[in-house]
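Subject: the structure we talked about

Hi,

Here is the structure I promised to pass on. Have a look at it first, and then read on for what turned up.

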Amino acid sequence: MNKNALIMGIIWVCVALAGTFFLIKALAMNDAKSEGNKFWEKAEKMAEKFDDENEIAIIGDSDVSRNGSLKVSAENVFDAQDLKLIKVDCHSAGLIYKFSNDGKIHVNALGKWENNRYPIVDCKNGQLSVKTQRPRFTLFFPGMSRKELEILVPASCLSKDTVLKSSCASGSTKIDEFDVKEINIESASGSVTLNECSADKIKIESASGSTNLNNCTIGSVQIESASGSLHMSGKYEQLKLESASGSIRIENDIPFTKDSSIEAVSGSVTLVIPEESEYKLRYESVSGRFSDELTGNSGGRTGSVVKGNGSVLLDIETVSGSIKILKK
């Protein structure tokens, strides 16, 4: 093959690739436009279902409902009410939950939201519902700009009947000082942090990202983590923890009152508990050492130890990682 033919061949390949690129781009823009039209139609239908005369639904800067509690805007404000359920479904933004200072319920979209595609918010009959719209597809940078969703609730709106359900596909989740009945968190990618929270029960499912519970008071804690470290401090009655990859450190200010279990595939487990704790500990590690500062036992990879009356069972298993029981 001569040199000129080779050059022409390369040029035609480049032209073909460029044509394919612009064709895909045009199709993507078409799909995005079609999706946008469908959204507006759906939003208008949704708005018609609500009949609260005190609120106006906003999508971007447009009024699509003369009556209704549905809102879609950067700043959403509602009168205080006793909340039984807070349900948040977030696609690609960080989540922040904390108290408001003015006695109102706020849902604020912070940062840059593509084409004013703000969260769809509704608050009525004791339920706060927030759902973010899926980012529109573009060939480059598909809706991944940095943004956060801020949920501000007066402390008086929360009670031991309140359930918080939070789901985040991409972004961190942070909850400060909430005192509720139950907290359920699902996180696909991003850290989960709870500061000084209280609840009868907490369940966290995390695919990727660290999990931190700081100075919390929880009855029962269930956490499943695929990748990321886990650190807990505060008061916990019962634990059920599973981690595929990442270290686990628990600092409990009170003795466990119910049977608890910890499983870690790759990572060490450190349990810091009060000296007055009474338990039966079963431990197993494929490649890791065991030590218990409270009973003085150490060494070995499989076994059991008893402290006091052994009224509470602690079951700890690791595949690769040490197991340490330390005195608080």
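Tyr97, Phe99 and Phe178 come together as one aromatic cluster. Bear in mind that this is a predicted model, so treat what follows as computed from the prediction.

The structure has 3 aromatic pairs. One of them joins Tyr97 and Phe178 edge-to-face, with 6.2 Å from centre to centre and 75° between the planes. That pair ties together distant parts of the chain: Tyr97 belongs to strand β5 (residues 94–99), while Phe178 sits in the loop between β11 (173–176) and β12 (182–187), 81 residues apart. Both Tyr97 and Phe178 are buried.

Phe178 also pairs with Phe99, and here the rings are stacked, at 5.7 Å centre to centre and 15° between the planes. Again distant parts of the chain are linked, with Phe99 in strand β5 and Phe178 in the loop between β11 and β12, 79 residues apart.

Why does Phe178 count as buried and Phe99 as partly exposed? Phe178 has a relative accessible area of 1%, so it falls under the 20% limit for buried. Phe99 is at 27%, which lies between that limit and the 50% above which a residue is exposed, and therefore Phe99 is partly exposed.

Thr173 is worth a click as well, as it lies in strand β11. Thr173 is buried because its relative accessible area is just 1%, under the 20% cut-off. Leaving aside residues up to four places away in sequence, Thr173 touches Leu95, Tyr97, Ser166, Cys168, Ile185, Ser191, Val192 and Thr193. Tyr97 from the aromatic cluster is thus among the contacts of Thr173.

Next stop, Phe256. You will find Phe256 in the loop between β17 (248–252) and β18 (260–266). Its relative accessible area is 8%, under 20%, so Phe256 counts as buried. With residues up to four places away in sequence left out, Phe256 touches Tyr236, Glu237, Gln238, Leu239, Leu271, Ile273, Val312 and Leu314. If you like checking distances, the C-alpha atoms of Phe256 and Glu278 are 8.3 Å apart, and the two residues are separated by 22 residues along the chain.

There is also a charge over a ring: Lys147 lies over the face of Trp113, 5.5 Å from the ring centre.

On the surface, Val265, Val286 and Val319 make a nonpolar patch of about 240 Å². Val319 is part of strand β24 (residues 313–320). Its relative accessibility is 40%, between the 20% and 50% limits, so Val319 counts as partly exposed.

Finally, the overall numbers. The protein chain contains 1 helix and 25 strands. It has 328 residues, of which 44% count as buried. Among contacts in the protein chain with a separation of 6 or more, 44% are between residues 24 or more positions apart. About 16,600 Å² of the protein chain is exposed, and carbon and sulfur atoms supply 50% of that area.

That is what I have for now. Happy to talk it through whenever you like.

Cheers

Terms used
Residues numbered from 1 in each chain as written. Predicted model: local features only at pLDDT ≥ 70, side-chain atom pairs only at ≥ 80, totals over all residues. Heavy atoms only, no water. Phe/Tyr/Trp six-rings, centres within 6.5 Å; stacked < 30°, edge-to-face > 60°. Helix = DSSP H or I, 4+ residues; strand = E, 2+ residues; numbered from the N terminus. Buried < 20%, exposed > 50% of the residue type's maximum accessible area, 1.4 Å probe, protein only. Lys NZ or Arg CZ within 6 Å of the ring centre and 35° of its normal. Patch = residues over 30% accessible without salt bridge, like charges linked within 9 Å, V, L, I, M, F, W, Y side chains within 5 Å. Areas by Shrake-Rupley, 256 points an atom, 1.4 Å probe, with all protein chains shown as cover. Salt bridge = Lys/Arg side-chain N within 4 Å of Asp/Glu carboxyl O. Contact = heavy atoms within 4.5 Å.
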